[in-house]
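Colleague: Before we talk, please put the model up. I would like to ask how some of its labels are earned.

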Amino acid sequence: MSSDYMFGDEAGSGPRVHSIEYRKLKFILAVITVILGVELVWLFGISPCMPFSKITISGIPGVDEKTVLALAGIGKHTSFMALNAKSAEDALLTLPMIRSARVIKRFPNRVELHLESRRAAAMAFVTHGERIFPALIDGEGTIISAGKEGFLGDETLPVISGLVLEGVYPGMKLPRMYNTLFARLEDLTRTAPELLSTISEIKINHRNYDGFDLTLYPAHKAVRVRVSEDITEETLRYMLLMLDVLSGKSGNIEEIDFRTGTASYKEVQSG
């Protein structure tokens, strides 16, 4: 005789238990879906429209943050969605002291401004009309500062004279004819500053029709040295070598000319 019996309560308990568990699961899934939906709405819909929670500026010590942020178009209420990074970079490049600018937006509400400052390659005395202005100029031929601010340059910078311009103001680009000169000077200040320190002044001599050449004034020699506009480390070393070779005649030599690639010299004409 079989001992397996099924009572009424036991027979109906299985389906009801499964039904309750299924409803609980649906409720939990619904709650999770709502939470995820709210988080997604917050993350992608609300947070990017809220003001930046963190703004980082790096690259230029002592930079006026208020000026930089105002120029980049970043205010108290500027958000991730509202800021155009490319437009902000272009605006920052209008500051004379900034050579490059990168604006990086970090989703959902952070922004980073990475700035690179211009470095002076030379201090120049610029003639404008009847006035002479000191100016700091970088390797790209951009005037960083002009007027009294031009005296704030590094004393080790080469000094340029004979530069004639129609205007002088920070951010101004020099005519393209000077690009090679200031690019060379920037290279030399980085790779061979000891050579530049042997020169007290570099004078620009404009030719009648086009272009220019240079007159170098050695710091400890009473001799002028004429060179082409393309001044290089090799040129300076050759100049120093010839000054040493001709040192015995230095009292009679007025000028050494390297413009043709070979050295020639001119003696002082006795009265």
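**Labels and their cut-offs**

Modeller: Glu233 has a relative accessibility of 29% and counts as partly exposed. This is a predicted model, where local features need pLDDT of at least 70, side-chain atom pairs count only at pLDDT 80 or more, and totals for chains, interfaces and linings use all residues. Residues are numbered from 1 along each chain as its sequence is written, and side-chain values use heavy atoms, with hydrogens and water left out.

Colleague: Why is Glu233 called partly exposed?

Modeller: Buried means under 20% relative accessible area, exposed means over 50%, and partly exposed is in between, with a 1.4 Å probe and protein chains only. Glu233 is at 29%, so it is partly exposed. Arg237, at 44%, is partly exposed too.

Colleague: What makes Arg237 and Glu233 a salt bridge?

Modeller: The term needs a side-chain nitrogen of Lys or Arg within 4 Å of a carboxyl oxygen of Asp or Glu. In this pair the closest N and O atoms are 2.9 Å apart, so the rule is met. Arg237 and Glu233 are four residues apart in helix α6 (residues 233-245), about one helical turn. Helices are DSSP runs of H or I with at least four residues, strands are runs of E with at least two, and both are numbered from the N terminus.

Colleague: How many salt bridges does the rule give?

Modeller: The count comes to 17. Asp213 and Arg226 form one of them, at 3.2 Å from N to O. Asp213 is in strand β9 (residues 212-218) and Arg226 in strand β10 (residues 224-227), 13 residues apart.

Colleague: Why is Asp213 called buried, and why Arg226?

Modeller: Asp213 has 5% relative accessibility and Arg226 has 16%. Both values are under 20%, so both residues are buried.

Colleague: What does Arg226 do with Glu255?

Modeller: Their side chains meet in a salt bridge at 4.0 Å, N to O. Glu255 lies in strand β11 (residues 253-257), so the pair ties together parts 29 residues apart in sequence.

Colleague: Which residues do shared partners join into one network?

Modeller: Salt bridges that share partners join Asp213, Arg224, Arg226, Glu254, Glu255, Asp257 and Arg259.

Colleague: Where is Val31, and is Val31 buried or partly exposed?

Modeller: Val31 is in helix α1 (residues 8-46). Its relative accessible area is 34%, which lies between the two limits, so Val31 is partly exposed.
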